[in-house]
Amino acid sequence: MSFDRRRAQGVTESIRQQRRDQLEVSLQQARNFSETKREIQPEPPPIVPAPAIDQPVDHPITTKEEMKMGLPHLVIVGADKGGVGKTTVSDTVLGYFGAQGVDARAIDTQMPAGNLIRRYPAVTEVIDLASSDGQIKVFDSLPKHPVTVIDIQAGLLSPTLTLLSEIGLLSMVQDGKMNVTVMHVIGSTLQSLSEIEGAAKIIAGSRHFIVKNHTNDAAFFDGLNVSTDALKIGTALIDIPKLDPRATEYVEAAVEKGLTDATSFAGYAKNGDSFVMKGKVGHWLKGVFAQYDAAKLNIK
């Protein structure tokens, strides 16, 4: 019996090593393609800084110099606790990359059908990340996409990060073969701080953004100094300001109606059915995007 168990363990480890080797080859091919593409393209024009806005920005504590251009970028938006606005953050992340001209795909892990696919149906796929087939579908195809954004279902963040460590993907970050950014959306409880510490140990070497999302409750963080403690752990603090609740309602109404050009925050800011609410959503997005710029979410 002991011999059979050892043999089974050996076979499992062999399969894991084969998958790591296959993923590494795919990543190297993607990197070579990106380097060749940059060599034949003309030098891009200088970027003109956007005008300043009145939304304060928290700057990152550190800049991860090991993050490299041209590599596949995996962005994980999640929390082990529910009700902290992960889909709202994922929506703005996709809008941000879209505004930057970056081709990003999205994975919605809320089964059987989540909210993110309703907001970005053209680029989003619903996948059960708790299954091996779902994991293969997502992670084996990372080299085919410049950016992959995963909206992690509540309770699956820690297991997902552990999986990435076990299959060797996080070690590829340390080897300069992959970019991984974890956007950790937190609540106002001590459990959230404990959760951050646990995640930080797993993803050492990757970027770990601590995200405070105020869009659900203006007083969400009253009475607890989450910012100070979180800053000691993460690589950047992103503080998403509160959006007018009526504006949020108008965006959600557009989602319910299936107004395909206005179901996301970025879409509503351009094509919404209320001039006032379009303005409010657009101004709020500028503040959110400024936060992402300061944290250097887009590796370029």
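The following legends describe close-up views of a sheet and its packed helices in a predicted model.

**View 1. The seven-stranded sheet and its edges.** The strands form an open sheet of seven in the order β3-β2-β4-β1-β5-β6-β7, and their pairing is parallel. At the edges stand β3 (124-126) and β7 (236-240), each of which pairs on one side only. From one strand to the next, the twist averages 20°.

**View 2. Strand β4 and its two partners.** In the strand order, β4 stands between β2 and β1. Strand β1 (residues 73-78) runs parallel to β4 and is joined to it by five bridges, and within this pair leucine 74 stands opposite threonine 148 of β4. Strand β2 (residues 104-108) likewise runs parallel to β4, again with five bridges between the two, and here alanine 106 stands opposite valine 149 of β4. Strands of a sheet pair through backbone hydrogen bonds, in either a parallel or an antiparallel manner.

**View 3. The enclosure of strand β4.** Five of the five residues of β4 (residues 147-151) are buried, and the strand is therefore largely enclosed by the rest of the structure. Both of its faces are covered, with Val147, Val149 and Asp151 buried on one side and Thr148 and Ile150 buried on the other. Thr148, one of these buried residues, is the threonine that leucine 74 faces across the pairing, whereas the buried Val149 is the valine opposite alanine 106.

**View 4. Helices α4 and α5 against the strands.** Helix α4 (residues 132-139) lies across β1, β2, β3 and β4, and its direction runs at about 170° to β2. Helix α5 (residues 157-166) also packs on the sheet, where it touches β1 and β5 (179-186), its direction making about 155° with that of β1.

**View 5. The buried and exposed faces of helix α4.** Which residues of α4 are buried? They are Gly134, Gln135, Val138 and Phe139, and because they cover an arc of only 110° around the axis, they lie on the same side of α4. The face turned away from this buried side carries the exposed residues Ser132 and Asp133.

Definitions and conventions: Residues are numbered from 1 along each chain as its sequence is written. This is a predicted model: local features need pLDDT of at least 70, side-chain atom pairs count only at pLDDT 80 or more; totals for chains, interfaces and linings use all residues. Side-chain values use heavy atoms; hydrogens and water are left out. Buried means under 20% relative accessible area, exposed over 50%, partly exposed in between (1.4 Å probe, protein chains only). Helices (H or I, at least four residues) and strands (E, at least two) are DSSP runs, numbered from the N terminus. Two strands pair if DSSP finds at least two bridges between them. Axes are lines fitted to C-alpha atoms, for helices over the stretch in contact, and angles run from 0 to 180 degrees between N-to-C directions. Contact means heavy atoms within 4.5 Å. The arc is that of the directions from the helix axis to the C-beta atoms.
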